[in-house]
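User: Hey, could you walk me through this one? I'm new to it and would like to start with a single strand.
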Amino acid sequence: MIGTPDLEAIETLWKQGLEEAYTAYRPATTGLDGEDRHRVALAAALIEVALELQRLGRPAAAAPDLLRGDLCLARASRLLAETRDQRLQVSFARAIEERSAAAAAERPLGPARDRLLLAIADGR
Amino acid sequence: MAGDRIALQSTRPTEFMDLTGRLQRVIEKAGLLNGRVHLQALHTTLGLAMNENEPLLLADLEAMLRRLAPAEATYLHDDFSLRRAVPEDEPANGHAHARNLLLQPSLTLLVEDGELLVGRWQSVFAVELDGPRAREVAIQLEGEFAKGRPDRTRRLIELELERQLHADPEQVGDPMRRLVEAGGKRFRPFLVLLTARLGPDYDPLRAATLAAAVELIHAATLVHDDYVDESPQRRGRPTVAAAEGPARAIAVGDFYFAKATRLIAELGSPDVTSTIAVAMEAICRSQIDDLELRGRYPGDEADYLRVVRGKTAALIAAACVAGAQLSGASAEVVERVRRYGDAVGVAFQMTDDVVDFSDRSGKPMGQDIRERVLSLPLIYASEDEALGGEIQQLLAGPLPDRELRRVVELVGRSGALDRVNREATDLVQAALRELEGVDLDGVKATLAEIAESVVDRSA
């Protein structure tokens with residue numbers, strides 16, 4: 001169950017892909033402590049949804065979607081900070097760096113979910 | 001050059017009075033960052049010395065002075081029948097004058113980065129030789145004072161930013177480099193480097209990395225903001241969105257959000273990571289609020305403060321806190337600099353708002369109003385009983401030049417600018433109060449100068 005603070009200002013995204021992404025990342029977080037499982041799966045889902053909202057690698061998103069995407073990225077960063085797990089924080093950051101650099105260079109981007117699952121695996 | 005006096009009251013015939021702390025405060029008060037401090041005893045029976053402040057050692061030194069120039073020995077100076085024009089209150093103190101030959105009448109000490117340069121065991125003493133008496137030590141300070149930011153710190157920030165941008169892929173690195181090289185106050189990284197000196201674990205290189213990361217976060221928000229605001233220029237150059245297109249601007253912003261997050265995580269301080277992450281969330285949340293508020297412009301004071309606390313003050317306060325946390329500063333110091341940063345951040349934005357109504361701001365007057373940017377003077381003026389109605393009516397329209405000038409004129413007449421200036425000054429005073437009664441180890445004067453400079457911009 002997702003707590004209200006984690007979805008504040010982005011509640012509508014839950015039914016627009018965030019819930020599905022969260023559910024998809026949960027199995028990859030097996031073995032983490034209970035709270036951290038939730039945090040890491042939600043962080044991954046937020047990043048995936050943010051990159052989709054911002055249309056990274058495609059024509060630019062409209063301003064409101066860009067800002068909602070920024071909030072998703074920032075919230076993911078806060079959730080990862082709460083895990084106090086440096087490896088996971090670095091691993092996720094590198095995934096975003098890679099994808100945004102590729103988007104800026106107009107190189108094709110593979111599926112975000114695959115890359116973020118790899119980030120979870122690398123961070124553990 | 002600056003001068004001061006240290007007044008002393010000795011309580012014993014011979015007494016070592018430790019001046020080290022008071023000298024540090026004189027240095028902070030004068031804002032001396034790098035240079036020299038000269039001390040001179042203004043009495044012939046008061047000497048100066050540097051030594052260890054250890055009670056038994058001081059007893060040893062006092063005994064040594066007694067041995068080398070005993071009070072019971074014969075001194076011609078004490079035979080008033082041989083001297084001319086002896087004042088009525090002249091003491092028999094030949095021994096004290098003799099002992100003073102063993103000490104120094106003056107000292108010159110070095111100051112680095114706002115701190116008196118003393119070794120671990122060194123203290124600076126005024127040595128009373130004929131007390132108890134009221135005494136005075138004259139001080140002169142020379143060197144580089146905190147009127148502008150110290151060049152060394154500024155260089156450190158620039159070098160670290162350059163280093164961080166150097167190896168990045170050119171599609172993201174080049175646009176960010178152009179933005180960073182175009183200028184900026186470097187307010188936030190400067191605060192990081194200052195507060196990173198407040199704890200026992202100060203490490204200039206780690207502090208520089210954190211400072212650069214904080215500046216990159218700020219720059220990344222500007223890249224996205226400029227796209228949202230459709231701003232054509234930033235710092236006199238085309239914005240990233242204008243020069244590279246919005247799609248690349250989004251990628252550049254995302255890249256540097258992520259890179260900054262990684263640099264901070266790699267520092268391995270979970271508290272610092274959390275502080276910055278919470279601030280980033282506050283910034284992004286308030287940007288959404290800001291955009292939504294444009295639909296009911298100019299909003300009210302509560303809206304304004306909520307947005308400003310997130311958009312501007314959050315990262316300024318986080319810069320102060322994160323620097324202090326990185327150095328292992330005490331919880332009290334961390335909390336003090338957080339409150340300092342919050343107050344300075346809000347005052348900074350309020351003053352920015354006032355500057356928008358000045359023809360000396362360097363940008364077209366009233367530009368913020370035209371772009372529907374939240375503005376406290378405009379909020380106050382639009383609530384004015386006599387003038388508010390006309391302002392609100394004008395704001396509801398498209399604001400061509402003539403109407404914009406009229407809004408600016410009405411805001412000036414309403415007294416709102418003075419009110420915002422007063423409130424910003426009050427906030428700076430609150431920030432300065434946070435610096436009192438806590439050990440800020442040589443950076444207090446610079447933090448105070450930064451706070452005061454925030455409101456000076458509107459003068």
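Analyst: Sure, and keep in mind that this is a predicted model. A good place to begin is β7(B), which is covered on both faces. One side carries B:Ser123, B:Phe125 and B:Val127, the other has B:Val124, B:Ala126 and B:Glu128, and all of them are buried.

User: Why do the residues go to one side and then the other like that?
Analyst: In a regular strand the side chains alternate between the two faces of the sheet.

User: How many residues of β7(B) are buried in total?
Analyst: 6 of the 6 are buried, so β7(B) is largely enclosed by the rest of the structure.

User: Which sheet does β7 of chain B sit in, and in what order do the strands come?
Analyst: β7 is part of an open sheet of 3 strands in chain B, ordered β2-β7-β4, with antiparallel pairing. β2 (15-18) and β4 (46-51) are at the edges with a single partner strand each, so one side of each has no neighbour in the sheet. From one strand to the next, the twist averages 30°.

User: What holds strands together in a sheet, generally?
Analyst: Strands of a sheet pair through backbone hydrogen bonds, either parallel or antiparallel.

User: How many bridges join β2(B) to β7, and how many join β4(B) to β7(B)?
Analyst: Between β2(B) and β7 (residues 123-128) there are 4 bridges, and the two strands run antiparallel. β4(B) is joined to β7(B) by 6 bridges, also in an antiparallel run.

User: Can you give me some residues to look for?
Analyst: Try B:Phe125 in β7(B), which has B:Asp18 opposite. B:Ala49 stands opposite B:Phe125 too. Also in β7(B), B:Val127 has B:Phe16 opposite.

User: Which helix packs on the sheet with β2, β4 and β7 of chain B?
Analyst: That's helix α2 (residues 55-68) of chain B, which touches β2, β4 and β7. The direction of α2 makes about 135° with that of β2(B).

User: OK, the sheet with β1 in chain B next. What's the strand order there?
Analyst: It goes β1-β8-β3-β5-β6, an open sheet of 5 strands with antiparallel pairing. At the edges are β1 (2-9) and β6 (115-116), each paired on one side only.

User: How do β3 and β8 of chain B pair?
Analyst: β3 (residues 32-41) and β8 (residues 134-145) of chain B pair in the antiparallel sense, over 9 bridges. To find the pairing on screen, look for B:Leu32, which has B:Phe145 of β8(B) opposite.

User: Which helix lies across β1, β3, β5, β6 and β8 of chain B?
Analyst: Helix α1 (residues 20-30) of chain B does, running at about 150° to β1(B).

User: Zooming out, how many helices and strands does chain B have?
Analyst: Chain B has 18 helices and 10 strands.

User: Is chain B a compact globule or more spread out?
Analyst: More spread out: the radius of gyration is 29 Å, well over the 23 Å that the globule rule gives for 459 residues. Along its principal axes, the C-alpha trace of chain B spans about 95 × 55 × 35 Å.

User: What share of chain B counts as buried?
Analyst: 54% of the 459 residues do. As for contacts in chain B between residues at least 6 apart in sequence, 78% join residues at least 24 apart.

User: Switching to chain A: at what angle do α3 and α5 pack?
Analyst: α3 (residues 34-53) and α5 (residues 86-104) of chain A pack at about 10°, with axes 12 Å apart. The two helices are therefore roughly parallel to each other. A:Val40, A:Ala44, A:Ile47 and A:Leu51 on the α3(A) side meet A:Leu88, A:Phe92, A:Ile96 and A:Arg99 on the α5(A) side. That contact is made up of 7 nonpolar residues, no polar ones and 1 charged.

User: And A:Ser91, buried or exposed?
Analyst: Buried, with a relative accessible area of 9%. A:Ser91 is in helix α5 of chain A, and beyond residues up to four places away in sequence it touches A:Ala119, A:Asp122 and A:Gly123.

User: Last one: what is A:Leu71 in contact with?
Analyst: Leaving aside neighbours within four places in sequence, A:Leu71 contacts A:Glu8, A:Ala9 and A:Ile10, along with B:Glu281, B:Cys284, B:Arg285 and B:Ile288. A:Leu71 lies in helix α4 (residues 63-83) of chain A and counts as buried at 0% relative accessibility.

Conventions. Residues are numbered from 1 along each chain as its sequence is written. Chains are lettered from A and ligands numbered from 1 in the order in which they are written. This is a predicted model: local features need pLDDT of at least 70, side-chain atom pairs count only at pLDDT 80 or more; totals for chains, interfaces and linings use all residues. Side-chain values use heavy atoms; hydrogens and water are left out. Axes are lines fitted to C-alpha atoms, for helices over the stretch in contact, and angles run from 0 to 180 degrees between N-to-C directions. Angles under 35 degrees count as roughly parallel, over 145 as roughly antiparallel, 65 to 115 as roughly perpendicular and the rest as oblique. Contact means heavy atoms within 4.5 Å. Ala, Val, Leu, Ile, Met, Phe, Trp, Tyr, Cys and Pro count as nonpolar, Asp, Glu, Lys and Arg as charged, and the others, Gly among them, as polar. Two strands pair if DSSP finds at least two bridges between them. Buried means under 20% relative accessible area, exposed over 50%, partly exposed in between (1.4 Å probe, protein chains only). The radius of gyration is taken over C-alpha atoms; the globule rule is 2.2 Å times the number of residues to the power 0.38.
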